[in-house]
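Please open the model in your viewer and keep the selection panel at hand, since this tour moves from one selection to the next.

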Amino acid sequence: MKRILTTRPLRAAVATLFAGSMLATGVIDAGAAFARPQAGATAQTASVDLVNPLMGTDSSYELSYGNTYPAVAVPFGMNAWTPVTGKLGSGWGYTYDANKINGIKQTHQPSPWMNDYAALALMAMTGPLRVKQDERVSWYSHKAEESRPYSYKVYLADYDVTAEVAPTNRAAQFRFTFPKSDDAHILIDGQAGGSMVSVDPARRRITGYVRNNSGGVPANFHNWFVAEFDHDFTVTRTWDDNGQVTAAPTREGDHVGAVVSFRTAKGEQVSVKVASSFISAEQAARNLDAEIGRDGFEQTKAKAKTAWQREFDRIQVTDPDTENRRIFYSALYRMLQFPRTFHEVDAGGQTVHYSPYDGKVHAGPLYTDNGFWDTWRAVFPFFALMYPERDGEIMQGLVNTYKESGWLPEWASPGHRDVMIGSNSANLIADAYSAGVRGFDVNTLYEAMVKNATTSEGRPRDKKGKVVGAVGREGVEYYNRLGYVPYDVDINENAARTLEYATADFSLSRVAAALGKTEDARLYAGRAQNYRKLFDTESGWMRGRNQDGSWSTPFNPYKWGDAFTEGNSVHYSWSVMQDVQGLIDLMGGDTAFTDRLDSVFTTPPIFDDSYYGQVIHEIREMQIVDMGQYAHGNQPIQHMIYLYDWAGQPWKTQFHVRDVMRKLYSSAPDGYPGDEDNGQTSAWYVFSALGFYPVTPAVGQYAVGSPLFRSVRLAMPGGRTLTIEAQNNGPENVYIQSVRFNGKTHDKPWLSRDALKQGGNLRFVMGPTPNRNWGARKADAPFSMSAPQSPPQSAARSAAK
């Protein structure tokens with residue numbers, strides 16, 4: 001996902017470009033290698049040590065099993081560090097099937113499709129100096145690799161060197177263990193795209209900056225760094241754009257680097273403390289002193305481990321199935337990496353940030369590296385439930401983005417990027433506010449949401465002067481006039497845009513109601529019904545529509561792209577999260593609706609790829625898992641399984657949820673069913689494993705699925721504890737027989753967010769066959785705009801206060 005710009009289909013030339021950037025590598029026994037760092041895990045193993053950061057790394061341009069890399073970071077850290085097996089500048093920096101490493105880099109990459117920015121790499125070696133990436137590589141094996149959220153360790157076989165790294169928020173410590181050598185080297189590679197290095201032997205330091213990026217930055221963008229060594233240098237050198245090494249202490253150019261050398265005894269360890277800043281060289285040094293100071297490597301590593309364990313302790317899982325616990329905590333680790341902190345703490349102790357929007361330094365927080373098209377669905381609802389203070393700070397960061405750029409971000413990396421569609425910032429803002437998240441300027445965010453829904457004029461432009469179409473709402477003037485974005489006005493993915501704008505309008509109406517803006521609430525609630533304009537009664541699917549009201553032709557519900565985004569009509573027709581009952585009515589009632597849901601799994605995985613001109617990886621990932629048209633590897637359909645809860649057949653939700661968890665997820669390097677995407681595919685698993693999922697934004701309800709574990713203990717905000725128990729749970733007992741919440745019978749196929757926040761005991765009784773009575777009453781269905789039990793806007797306003 002994420003490599004399709006919003007204004008044109010994927011071209012074969014782009015495919016060739018990405019494929020050409022990949023490093024051809026060998027193959028290593030994935031099963032044997034993965035098992036090694038996890039061996040001996042028991043029920044008593046610390047949850048942080050159940051995490052496998054290599055989960056999802058067995059991916060390629062052609063096929064995604066996560067498209068992740070082993071990120072060494074702290075939760076929400078500004079920087080992460082990762083080994084590099086691919087070419088510098090390639091989005092696929094680390095792939096599990098590689099057999100050579102050329103460095104460990106500081107990374108901010110949210111996705112291989114977005115690529116990286118502000119990256120620099122360290123590498124150690126012995127013997128003759130080799131600075132170019134393809135010359136300095138070393139063979140390595142997963143058998144001599146230890147990957148943890150809080151540290152990474154690898155044996156560089158060609159040099160008999162062991163390299164280790166442990167992180168802080170904006171810094172890291174390296175430890176290199178050398179053999180006896182008169183020529184031991186550590187180099188810093190500034191990478192292409194603009195860099196500078198300066199060696200100061202007296203202070204044992206290398207300082208400089210890197211400017212590499214993939215877009216979304218102002219002209220004055222720099223990432224300043226400082227690297228401080230604990231050994232004197234015997235030789236210092238730098239190299240230029242051509243890899244020519246000289247004794248010059250300072251070098252500046254497109255791609256420069258520095259190397260310092262030592263004489264080492266066998267087993268001698270050289271430590272390097274590295275920090276960076278988007279503000280200044282002085283701030284980078286300040287970050288180093290504040291976050292590492294005099295700490296040794298083991299202290300930094302222990303602090304990072306504690307930071308992760310503190311978060312994992314908030315959700316304590318008890319279950320005999322260690323593999324499921326591994327998957328759960330590995331997924332939680334992915335969820336808590338994004339969005340990244342982009343702010344720093346200045347000399348006065350104040351929170352400040354360099355703005356990737358206007359190039360200035362401002363007061364206050366800022367977060368980045370997030371695509372809301374993905375993460376509004378489950379990641380941000382998780383933050384609203386479990387991390388309200390952090391969520392409030394992220395929302396205030398959105399306020400700052402709006403003030404500095406005039407628009408809300410939809411895909412930031414680090415600034416506005418022209419990727420994906422929709423107006424999904426509205427959903428996560430509304431969900432946060434309805435959940436009681438505070439600490440941000442909601443009135444400014446409401447103004448920004450209304451601007452998105454009102455005009456497409458004045459949006460940001462990229463360096464080539466092209467409008468960043470992913471910002472705001474492409475085609476909003478058509479949408480507001482006709483009720484949909486037309487197919488025939490040269491706006492691609494128009495049907496998907498219409499459906500997503502309608503959901504965003506629902507979210508906007510909820511915030512308007514909560515703020516007492518009655519007329520606005522009525523206006524946007526009406527527009528939330530615009531999904532009806534695209535429903536074709538003849539085919540029973542959503543369909544592109546021309547400006548004159550006629551249907552686009554020809555129509556093939558299995559055609560990917562075109563009117564839809566990274567999917568087809570079969571996938572997107574369910575994107576009516578705000579009014580599932582309205583969709584049920586359009587499709588002919590409960591039985592017809594559930595039959596149509598069933599058909600997604602029973603229809604063969606046929607497809608039409610003519611829009612793209614090739615089989616993109618999302619298509620292939622749907623095709624190969626033997627689940628019909630169900631494409632869990634991408635986001636638009638991930639909520640679909642839960643829609644049986646609205647139509648009186650919740651046992652089918654229970655079956656499919658457990659089937660997807662069992663079949664499509666594992667803790668192995670091929671453990672995801674497609675792109676992981678900033679925590680969203682992980683968040684689906686985390687919520688589903690708990691037993692419920694947030695389908696509809698801003699209403700405070702979760703559709704019930706099938707809890708995976710025997711017992712889960714959640715430390716809720718405010719000091720309350722929620723215990724979720726599933727009696728008789730196991731691989732065969734996937735069906736809910738009964739539910740009690742705080743001792744009272746609970747027959748509804750949904751749970752209230754407010755009730756869960758209060759804590760208590762949620763007890764499921766599970767069995768091997770469906771209880772077709774539980775949760776099946778129509779009056780007990782979750783919220784829908786068209787359902788008679790839906791609360792009026794006044795009630796919604798009162799509940800949100």
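Contact here means heavy atoms within 4.5 Å, and the model in which such contacts are sought is a predicted one.

Begin by selecting Ser47, which you will find in the loop between α2 (30-38) and β1 (80-84). Leaving aside residues up to four places away in sequence, Ser47 touches Gln309, Phe312, Asp313 and Tyr329, so it is worth displaying these side chains together with Ser47. Is Ser47 buried or exposed? With a relative accessible area of 7%, Ser47 falls under the 20% cut-off and is therefore buried.

Next, follow the chain to the strand that ends this loop, β1 (80-84). Five of the five residues of β1 are buried, so this strand is largely enclosed by the rest of the structure. Add strand β3 (residues 103-107) to the selection, and you will have the antiparallel partner of β1, joined to it over five bridges. To inspect one of these pairings, select Val84, whose bridge partner in β3 is Gly103.

Finally, turn to helix α8 (residues 379-386) and helix α9 (residues 388-405), which pack at an angle of about 125° with their axes 6 Å apart. The two helices, α8 and α9, are therefore oblique to each other. Which residues meet where α8 packs on α9? From α8, select Phe380, Phe383, Ala384, Leu385 and Met386, and from α9, Pro388, Asp391, Ile394 and Met395. Coloured by type, the residues of this contact between α8 and α9 divide into eight nonpolar, no polar and one charged.

How values were computed. Residues numbered from 1 in each chain as written. Predicted model: local features only at pLDDT ≥ 70, side-chain atom pairs only at ≥ 80, totals over all residues. Heavy atoms only, no water. Helix = DSSP H or I, 4+ residues; strand = E, 2+ residues; numbered from the N terminus. Buried < 20%, exposed > 50% of the residue type's maximum accessible area, 1.4 Å probe, protein only. Pairing = 2+ DSSP bridges. Axes fitted to C-alpha atoms, helices over the stretch in contact; angles between N-to-C directions. Parallel < 35°, antiparallel > 145°, perpendicular 65-115°, else oblique. Nonpolar A, V, L, I, M, F, W, Y, C, P; charged D, E, K, R; others polar.
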